[in-house]
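The following report describes one protein model in terms of its helices, cores, pocket and loops. Please consult the sequence and the three-dimensional structure shown below.

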Amino acid sequence: MTNNLEVLKRYLKTILNLKTDQEAEQVTIDEIKSGVIFKGTNFWIMAFAIFISCIGLNINSKAAVIGAMIISPLMGPIFGIGFSLGTSNSNLLKLSLRNVFRIVLVSILCSTLYYVLSPYHIATDELLSFSKPTIFDILLAFIGGMAGMIAISRHDGNRVLVGIAVATACIPPLCTAGYGIATVQWHYILGGLYTYFINALFICLGSYLITKYLKFAKFSNSKIKHINSYFGFLAFIAIIPALYLAYNLWVVNVYKDKVNYFVTNEVEKSYHVIKTTTNTETKTITIDVIVNEFQENLTQIITSKLKKYDLNDSRIEVFQTLKAINNRSEIQILQKQVDELKKEIDKLK
């Protein structure tokens, strides 16, 4: 039995060991340092990526937004921060922080410029989705940071980094902030900046933990320990709004599920429902139905069934559409009027 356990332990250690295919430490360090630099080619690619992302958000194109996230050099300085914290490299930390600030500044300027010049100032669904982050966005960023650091320490990690750039979505929130500045809407500015902040912060935290786990050689600088404490405090503070937004999202989804269940089990059994619209803020349920004849008390009938589904604080609006087969005479009258109008127009010509 003891021998079997030892074999199992060795087998699991072989599978879970991250150091088996790790490249030389210096190669990883050089790769991170090159990714941290933000000038020349990286500057122009970043600017173009922002414009592509803005266009994608403007026209609700997921493909354009994903393409912008793939080509952007945004992730390099963020991983540089996590790695420098894990290796106590204050010089790399300063360079990474400086370049992250430059990237944010350039991104917001480019996105603001685009939305100022663009005549199309509509808050699309894609744009709205990057203004209200939740705890799930934090989990994505944290896990993405860990996966990214593992990928950087391998010889063939670029394909993984591409996926992480898409999953963590750091570019679109900056575009949302630029849209807020261009249209002077503070909730977009704050929402976009907060989304970017928590994404970047938890990518750093994930990459920091993997750096520590892989036991990279440290630089001799004790001051970095205080900075680690600050980052830990920031991570704790950043989680609180995200938890609140996640709770609100849960409440909204629960309410929508109740409405859908109510419409399916009560309304659709008796009427043909064309469309159902739910306003979660005012708790108003709008239902379009097709009926054989108009019913004055239909709204009251449907409203009386709300309590059964724990929706008694909701308000129902019912719009009735009569079946065409029962209104043939009216249609014929209208068609006759149209024909007469056409004749009058022909006479005038």
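Which residues does N58 touch, not counting residues up to four places away in sequence? With those neighbours left out, N58 is in contact (heavy atoms within 4.5 Å) with Y114, Y115, S118, Y120, I122 and T124. N58 belongs to helix α3, residues 41-58, where helices (H or I, at least four residues) and strands (E, at least two) are DSSP runs numbered from the N terminus. N58 counts as buried because its relative accessibility is 3%; buried means under 20% relative accessible area, exposed over 50%, and partly exposed in between, with a 1.4 Å probe and protein chains only.

The model is predicted, so that local features need pLDDT of at least 70 and side-chain atom pairs count only at pLDDT 80 or more, whereas totals for chains, interfaces and linings use all residues. Residues are numbered from 1 along each chain as its sequence is written, and side-chain values use heavy atoms, with hydrogens and water left out.

**Overall content**

The protein has 14 helices and three strands. Of its 349 residues, 41% count as buried. Among contacts between residues at least 6 apart in sequence, 77% join residues at least 24 apart.

**Helices and cores**

S96 is part of helix α6, residues 90-117, and is buried with a relative accessible area of 0%. Beyond four places in sequence, S96 touches V36, P77, G80 and I81.

In helix α4 (residues 62-71), the buried residues include A64, V65, A68 and M69. They lie on the same side of α4 because they cover an arc of only 135° around the axis, the arc being that of the directions from the helix axis to the C-beta atoms. An α-helix has 3.6 residues a turn, so residues three or four places apart point the same way. The exposed residues K62 and A63 are carried on the face of α4 turned away from its buried side.

A nonpolar core is a set of buried Ala, Val, Leu, Ile, Met, Phe, Trp, Tyr and Cys residues joined through side-chain atoms within 4.5 Å. The largest such core has 60 residues, of which L74, I78, I171, Y196 and F202 touch the most other members. Helix α11 (residues 186-213) gives the most to this core, with eleven residues. Leaving aside neighbours within four places in sequence, Y196 is in contact with L74, I78, V100, V104, C170, P173 and L174. Another core, of 18 residues, lies apart from it and has V267, I287, L311 and I316 among its members.

**The largest pocket**

The volume of the largest pocket is about 570 Å³. Its lining consists of 13 residues, and the closest to the pocket centre are L128, K132, L245, L249 and V252. On a 1 Å grid over the protein atoms alone, a pocket is an open set of points where a 1.4 Å probe fits, with protein on both sides within 12 Å along at least five of seven lines; lining residues have an atom within 4 Å of a point. Grid points are joined across faces, edges and corners, and a volume is the space filled by probe spheres set on the points. Helix α12 supplies the largest share of the lining, five residues.

**Loop residues with positive phi**

Most residues other than glycine have a negative phi. Two lysines with a positive value are listed here.

| Residue | Phi | Loop | Relative accessibility |
|---|---|---|---|
| K215 | near 55° | between α11 and α12 | 65%, exposed |
| K283 | about 55° | between β1 (272-279) and β2 (284-291) | 29%, partly exposed |
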